[in-house]
Every structure is written in C-alpha cells, then in structure tokens.
Amino acid sequence: MTAGLVLVAALVVGEATAAHAADPGQFDTAFNEHIRQSGGVDGSVNSVAVQSDGKIVVGGGFFGKAGDKRAYCIARFNANGTPDTEFNNNIGKNGGLNSGVDSVAVQSDGKIVVGGVFTKVGGKKARRIARFNANGTLDNKFNEHIRKNGGLNWFVNSVAVQSDGRIVVGGGFTKVGGKKAHRIARFNANGTPDNKFNKHIRQSGGVYIPSVMDGSVNSVAVQRNGKIVVGGDFTKAGGKKAHRIARFNANGTPANKFNKHIRKNGGVGSSAVDSVAVQRNGKIVVGGAFRKVGGKKAHSIARFNANGTPDNKFNKHIRGNGGLSQPVNSVAVQRDGKIVVGGWYDKAGGKKAYNIARLYGTT
C-alpha cells in the first residue's frame with residue numbers, strides 16, 4: 001500500500017439530496033461534502049468496513065490521531081461521522097496493532113477481524129490476523145488460537161467473514177497453520193485452520209504468482225452463496241490463466257465458468273485489483289490503480305456482473321465522471337447499495353476529495 005501522510009475525512013452515512021445523482025456510478029455529493037469539511041485520521045486508510053448499524057471501521061497505517069484521540073492502526077466512526085469515543089478509547093488502552101492493518105471485516109455478532117503486516121496485538125504476539133470484540137477490547141481466546149497454530153507466515157491483505165463465521169484470508173503468505181498455502185486460506189470461527197478447504201486450495205494451485213515480488217492476493221469477498229471472489233496481481237487461478245480477478249467455490253475448488261468469462265473479456269488488464277466487494281444482487285465492484293477493465297478505459301473503480309462479464313452501464317458512468325484520480329485501496333458496499341471507496345486520491349468525480357468518497361451502486 002502507498003505510504004505517507006493521508007488526510008482521510010470523517011465518515012458520514014447520509015442520504016443524498018440531489019435526485020439527479022442517483023444513477024449507479026455517480027458520486028454522493030452530500031456525503032462527500034461532509035468528508036471535505038471534517039478531519040478524519042492522519043495516516044493512510046487501507047480498509048473500510050460498514051457495520052449493520054452504519055458505524056464505519058477503518059484500518060490502515062495511522063499512528064497519530066483518529067478524531068481527537070491517539071490511534072493504533074484501527075478506529076471507528078459513528079454513522080454521522082463523529083469519532084466513536086468508547087471504541088477508540090478501548091483500542092488505545094490495549095495498544096491496538098503495532099504495524100499496518102490492510103483489511104477489516106465485521107462479523108454478524110459485531111466482532112472485528114483484522115489482517116495485515118502486524119506482529120503484535122494488544123502487546124502480545126500475533127501472526128498477521130487478530131480479532132477484537134465489538135467494543136474494541138481484545139478477543140483473547142481467538143488470538144490465542146492463532147498464536148498456537150502459527151497463523152500466517154507472511155502478510156495478509158484481505159479478510160472476509162462468511163455467514164457461518166469462518167474467515168477467508170488472502171495475501172502473500174505461503175503457509176497457514178504450519179502447512180503449505182497458495183495465498184488463499186480459511187480459518188474456522190474460533191481461529192483454528194479449516195484444513196479441508198485449505199487442502200482443496202493447495203490441490204488446485206490456488207493463486208499462482210511467478211515470484212513473491214510480482215504480486216499477491218489483495219482482496220477476498222464472500223458471496224451470499226458462499227463462493228469466494230479474489231482480486232490481486234496474479235496471473236493464474238486454479239491452474240488456469242487469470243486477469244487479476246477470479247472466483248472459487250465454497251469448498252475451495254475453482255469456479256471455472258466465472259473464470260472463463262473473465263479470461264474472455266480481459267478482466268482487469270493494466271494493473272492490480274486492490275479491493276473487491278460483492279453487492280446483494282451479486283454484482284462485483286473492484287477498486288485499484290487500474291486504467292482498463294473488460295478492454296475499455298477505467299478510472300480506478302469498475303463493476304462486473306455476477307457471471308464475470310463487465311457491467312458496461314456502471315463502467316460508462318465512471319468513465320464519464322472521471323472516477324477517482326488515483327488508486328482505490330478499499331471498497332465497501334452499504335446495505336442500501338451505496339459504495340464507499342477509500343484510497344490515495346485527491347479528486348472524485350472531478351471534484352476535490354480527501355481519500356474517501358461514496359457512489360450510488362444500486363441496479
């Protein structure tokens with residue numbers, strides 16, 4: 001992820017007042033105006049996750065402040081954009097993470113799973129994945145299981161929680177729970193490895209990267225039917241050619257039909273996919289530094305239909321309004337279908353932005 005000082009505005013989940021802006025791919029100008037007027041966090045935001053109550057959890061490389069409090073790579077804002085003081089205070093008390101958080105996922109019970117490059121959580125040893133309770137205190141039992149089984153041997157870029165509580169991770173790691181891994185793995189809800197799933201990934205070849213310097217799995221997202229979409233800088237998935245986006249079945253085997261559609265249309269063709277999010281209707285939103293998708297011009301954000309073909313209407317709107325001026329690090333879909341994007345950009349839809357913005361995403 002890009003390093004350096006990033007001013008990310010506080011997050012406000014509100015309704016737009018401009019009726020003409022309701023088309024998918026158009027920016028939510030009311031939300032973005034609140035972003036411009038506020039301060040947010042004083043370091044890079046690598047991941048955003050929207051809770052069912054509208055609160056927004058952010059993870060990144062910030063060690064300075066979130067609102068008016070000291071921050072430790074994770075923080076939360078209320079739905080109106082004000083800092084969640086209780087949560088942030090609890091993080092401060094336990095020390096949070098000692099290094100960057102690249103992914104945040106919220107479970108149905110409110111617990112928060114984080115992945116990244118960190119090696120400590122709450123002052124204790126951690127292996128690139130950890131969990132917090134809903135109020136920001138440590139989930140000591142989960143974290144102890146991760147320590148005992150060895151967790152991941154290298155960085156985690158993305159975490160996604162399934163409806164059954166199992167946790168899918170993607171990154172640059174080559175081992176999970178002490179066994180060989182191909183940049184995708186799954187843990188059970190208690191933090192122990194899901195050995196059956198991980199075996200299927202190993203047998204299919206998972207995601208192939210010629211060398212560790214060429215890229216990794218940057219994002220994983222779980223569909224409502226349990227299938228897993230992955231994005232990154234990989235060239236093969238399940239033993240076949242891939243264009244930076246692919247899908248696996250719920251058991252870890254490749255979703256060959258989807259992957260074939262991606263190959264035919266060219267997928268994401270010019271740079272890595274850094275974030276993937278699945279809408280309730282099955283459409284897949286991707287963000288990154290790319291400038292082409294499905295063979296056509298793109299501006300750091302695009303959408304695919306559920307079968308892997310490009311969503312030409314959405315992508316056309318993005319081309320028309322200019323999309324994002326620089327890379328998108330994270331994409332999150334709200335329950336109302338709106339799309340929140342975080343990254344390293346100063347313009348959204350041709351207007352000034354502070355590294356986070358929102359778009360309409362229904363239909």
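**A first tour of the chain**

Q: In this predicted model, what is the relative accessible area of the buried residue S300?
A: Welcome! Anything under 20% counts as buried. S300 falls in that class, and its relative accessible area is 0%.

Q: Which residue makes a polar contact with the side chain of S300?
A: S300 sits in the loop between β25 (296-297) and β26. Leaving out residues up to four places away in sequence, S300 touches several others, among them V286, G287, F290, R291 and L324. The polar contact joins two side chains over 2.7 Å, and the partner of S300 is R291.

Q: How many strands are there in the chain?
A: The chain has 363 residues, and 55% of them are buried. Of the contacts with a separation of 6 or more, 48% are between residues 24 or more positions apart. Alongside 6 helices, the number of strands is 31.

Q: Why do the buried residues of α6 lie on the same side of the helix, and what arc do they cover?
A: The helix α6 spans residues 312-321, and its buried residues are F314, N315, I318 and N321. An α-helix has 3.6 residues a turn, so residues three or four places apart point the same way. The buried residues of α6 are on the same side because the arc they cover around the axis is only 135°.

Q: Which residues are exposed on the other side of α6?
A: The buried residues of α6 are covered by parts of the chain that include β24 (292-293), β26 (301-304), β28 (339-343) and β31 (356-359). Just after α6 comes G322, with a positive phi of about 90°. On the other side of α6, the exposed residues are K313, K316 and G320.

Q: Which residues touch the most other members of the largest nonpolar core?
A: In soluble globular proteins, nonpolar side chains tend to be buried together. Here the largest nonpolar core has 27 residues, and the elements giving two or more residues to this core include β1 (45-50), β2 (56-60), α6 and β28. The members that touch the most others are V58, I301, L324, I339, V341 and Y345.

Q: How many residues make up the other core, the one with Y72, C73, I74 and F118 among them?
A: Y345 belongs to the largest core, and its contacts beyond four places in sequence include L324, V328, Y354 and I356. Apart from that largest core lies another one, and Y72, C73, I74 and F118 are among its members. The number of residues in this other core is 18.

Q: Which residue in the turn between β11 and β12 has a positive phi?
A: The strands β11 (residues 156-161) and β12 (residues 167-171) run antiparallel and are joined by 5 bridges. V159 is paired with V169, while V156 stands opposite G171. Together β11 and β12 form a hairpin with 5 residues between them, and the turn residue with a phi of about 90° is G165.

Q: Which residues of β12 point the opposite way from I167, V169 and G171?
A: In a regular strand the side chains alternate between the two faces of the sheet. In β12, 5 of the 5 residues are buried, so this strand is largely enclosed by the rest of the structure. Pointing the other way from I167, V169 and G171 are V168 and G170.

Q: In β15, which residue is the bridge partner of G170?
A: Besides its pairing with β11, β12 is joined to β15 by 4 bridges, and these two run antiparallel. The partner of G170 in β15 is I184.

Q: At what relative accessibility does R183 count as buried?
A: R183 lies in the loop between β14 (179-180) and β15 (184-187). Its phi is near 70°, a positive value in a residue other than glycine. R183 counts as buried because its relative accessibility is under the 20% cut-off, at 10%.

Q: Which strands stand at the edges of the open sheet, each with a single partner strand?
A: This open sheet has 3 strands in the order β17-β18-β21, with antiparallel pairing. On average its neighbouring strands are turned by 25° against each other, direction ignored. One side of each edge strand is left without a neighbour in the sheet, since each has a single partner strand; the edge strands are β17 (217-222) and β21 (245-248).

Definitions and conventions
Residues are numbered from 1 along each chain as its sequence is written. This is a predicted model: local features need pLDDT of at least 70, side-chain atom pairs count only at pLDDT 80 or more; totals for chains, interfaces and linings use all residues. Side-chain values use heavy atoms; hydrogens and water are left out. Buried means under 20% relative accessible area, exposed over 50%, partly exposed in between (1.4 Å probe, protein chains only). The arc is that of the directions from the helix axis to the C-beta atoms. Contact means heavy atoms within 4.5 Å. Two strands pair if DSSP finds at least two bridges between them. Axes are lines fitted to C-alpha atoms, for helices over the stretch in contact, and angles run from 0 to 180 degrees between N-to-C directions. A polar contact is a pair of N or O atoms within 3.5 Å; within protein, one must be able to donate a hydrogen and the other to accept it, and residues adjacent in sequence count only if both atoms are side-chain atoms. A nonpolar core is a set of buried Ala, Val, Leu, Ile, Met, Phe, Trp, Tyr and Cys residues joined through side-chain atoms within 4.5 Å.
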